[in-house]
Every structure is written in structure tokens, then in C-alpha cells.
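Thanks, everyone, for making the time. I would like to walk you through one structure this morning, beginning with its strands and ending with the ligand.

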Amino acid sequence: YRTAAVIPAAGRGVRLGPGVPKALRTLNGTPMLIHAVRAMAASRAVSLVVVVAPPDGAFEVKNLLDEHALPERTDYLVVAGGDTRQESVRLGLDALADNINVVLVHDAARPLVPVDTVDAVIEAVRNGAPAVVPALPLADTVKEVEPQAKGEAEPVVATPERARLRSVQTPQGFDRDTLVRAHETVAVNGEGATDCAGLVERLGAPVVVVPGHEEAFKVTRPLDLVLAEAVLARRRA
Ligand code: CTP
Ligand code: MG
């Protein structure tokens with residue numbers, strides 16, 4: 001097997017507040033994207049990393065990767081992203097070398113995922129699962145509501161059984177052909193999904209969950225930056 005990691009990093013990070021694109025925001029002095037690339041390159045199985053950069057930032061991202069040493073075994077390349085995460089992932093897939101048959105898709109916004117989680121996902125794909133997602137049980141109870149105008153109280157529609165729910169992380173791992181087919185099919189249907197595995201589910205192919213990790217949380221809002229820097233400081237201590 002030859003494994004590549006596609007890292008969508010083309011988002012602006014609107015929920016994080018004003019500033020440079022989220023992937024370029026620093027955590028303890030190092031850009032989030034570099035942490036995320038290192039997290040993928042930490043796996044000995046990953047031979048190629050494809051970074052999907054903000055369309056106006058591909059040159060800057062290429063320079064950044066050139067500056068930060070990666071293991072000798074890891075090749076990397078940078079492509080420009082699109083308007084949605086799904087589009088950015090597709091552009092990353094288009095850039096994969098022919099000999100790649102396992103693909104990880106990993107959010108740049110999850111810079112701290114441990115290598116054991118990455119390896120567990122790869123292992124499950126190599127053992128025959130076409131699509132693998134790391135996930136954790138939920139701490140909070142979840143309600144389905146009827147959305148209302150901002151500020152209005154929202155009627156509850158249902159409360160799904162919490163024990164059956166999982167909060168999904170990345171890297172998600174795929175048999176390459178399955179993921180490419182899922183993206184092509186959706187391009188025809190014109191539908192969106194909030195993760196790659198969701199596209200594979202629509203194909204009718206099986207998707208399995210393996211244990212995720214607390215440190216694979218997504219940096220989305222300002223408080224997440226505080227947590228990420230604290231985790232890094234604890235690692236160095
Ligand atoms: N992403 C991307 N291309 C887009 C939108 C998102 O590559 N057009 C990437 C982000 O860079 C991020 C990952 O998808 O690494 C997960 O998305 P999210 O956490 O939502 O990041 P943003 O879209 O940047 O944040 P926000 O939704 O708050 O603007
Ligand atoms: Mg987003």
C-alpha cells in the first residue's frame with residue numbers, strides 16, 4: 001500500500017474571528033498547518049502530503065513547507081483550494097500520484113492529532129475497510145430542533161439516544177478509488193456533505209468508526225486556540 005494525506009487548509013476561519021486564514025494562525029509560534037502536516041508525516045506509512053492552500057496563499061504555503069523540515073521519506077506538494085471544503089478536497093485528490101491507493105483526508109484545523117490515531121485509521125483501511133472515521137462518544141446530550149430566526153426560542157423535535165451518537169474527527173481514511181468515485185458521484189448530483197465519509201455513505205459503501213482522540217479536536221472558535229496551546233505546552237513539559 002502507498003498512503004497519501006490530503007490536508008484541506010483553504011478555509012478562512014470565519015468563526016475564529018478576524019485575522020490571517022485559520023491554517024496560518026500560529027500555535028506557540030508555529031503555523032497550525034505545519035503542526036497538521038507534521039502530524040500526518042509522523043506516520044511512517046504516509047509517503048505524500050498534499051496541502052490544499054487558500055487560492056491566494058499557495059505561494060506562501062509552499063514557502064512555509066520548504067522552511068519547516070519534514071522527514072526524508074515524506075514528499076509534499078501544494079495546490080490551490082476552492083470555495084467549499086468538499087471542493088478543496090477534490091482539488092487535492094486530483095493532484096495525487098498514480099501509485100497512491102490509500103488516502104487520508106485531514107483538516108488543517110486539527111493540528112494535534114496523535115500519530116497512533118493516524119496509524120489506526122490507516123491500518124483499518126489496509127485491513128479492507130473502504131472508509132474509516134475516527135470518532136468519540138459525545139459529552140453533551142443532543143437535541144434536534146426546528147430552526148427559527150436568530151434570537152427566537154427553537155422548538156425541540158427529537159432527542160437522539162446519546163449512546164448511539166459519535167462526534168467525528170479526522171484523518172478519515174479511504175480506499176482511493178472509493179473516495180474518488182464518491183466525489184465524482186456527488187459532483188453529478190450537486191449535493192453537499194459536511195465530511196468525506198458522508199459522500200461515501202451516499203454511494204452505499206460501508207463506513208466504519210474507530211476510536212478517535214481528545215487531542216484531535218478541531219480548532220474552530222477562539223477558546224480552541226487556548227486549549228491547543230495548552231496541549232502543546234503540556235507535551236513539551
Ligand atoms: N477548508 C478548505 N476549503 C474551504 C473551506 C474549508 O480547505 N473552502 C478546510 C479548512 O481550511 C479546515 C477544514 O476544511 O482545515 C475544516 O473546515 P473548518 O474548520 O470549517 O474551517 P474554515 O472553513 O476555515 O472555518 P469557518 O467555517 O469558521 O470559516
Ligand atoms: Mg468551514
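Before I come to the strands, let me fix one term: a residue is called buried if 20 or more other C-beta atoms lie within 10 Å of its own, with the C-beta atoms placed from the backbone. Please also keep in mind throughout that this is a predicted model.

With that cut-off, strand E4, which spans residues 46–53, is mostly covered, as seven of its eight residues are buried. What does E4 pair with? Strand E1, residues 3–8, runs parallel to E4 and is joined to it by six bridges, and within that pairing Pro8 has Val52 of E4 as its bridge partner. E4 is also joined by six bridges to strand E5, residues 75–80, and these two again run parallel; here Val49 is partnered with Tyr76 in E5. Between E4 and E5 the chain passes through helix H2, residues 58–67, in a β-α-β crossover that is right-handed.

Let me turn now to helix H3, residues 85–94, which is likewise mostly covered, with eight of its ten residues buried. Among those buried residues are Arg85, Arg90 and Ser88, together with Val89, Leu91 and Leu93.

That brings me to ligand 1, and to the question of which residues are closest to it. The ligand is surrounded by 22 residues, of which the closest are Pro8, Gly11, Val14, Arg15 and Ser88. Pro8 is thus the residue whose bridge partner in E4 is Val52, while Ser88 is one of the buried residues of H3. Taken by class, the shell around ligand 1 consists of eight nonpolar, seven polar and seven charged residues.

Definitions and conventions. Residues numbered from 1 in each chain as written. Chains lettered and ligands numbered in written order. Predicted model: local features only at pLDDT ≥ 70, side-chain atom pairs only at ≥ 80, totals over all residues. Near = placed C-beta within 6 Å. Nonpolar A, V, L, I, M, F, W, Y, C, P; charged D, E, K, R; others polar. Buried ≥ 20, exposed ≤ 12 C-beta atoms within 10 Å, placed from the backbone. Helix = DSSP H or I, 4+ residues; strand = E, 2+ residues; numbered from the N terminus. Pairing = 2+ DSSP bridges. Right-handed = clockwise from strand over helix to strand, strands pointing away.
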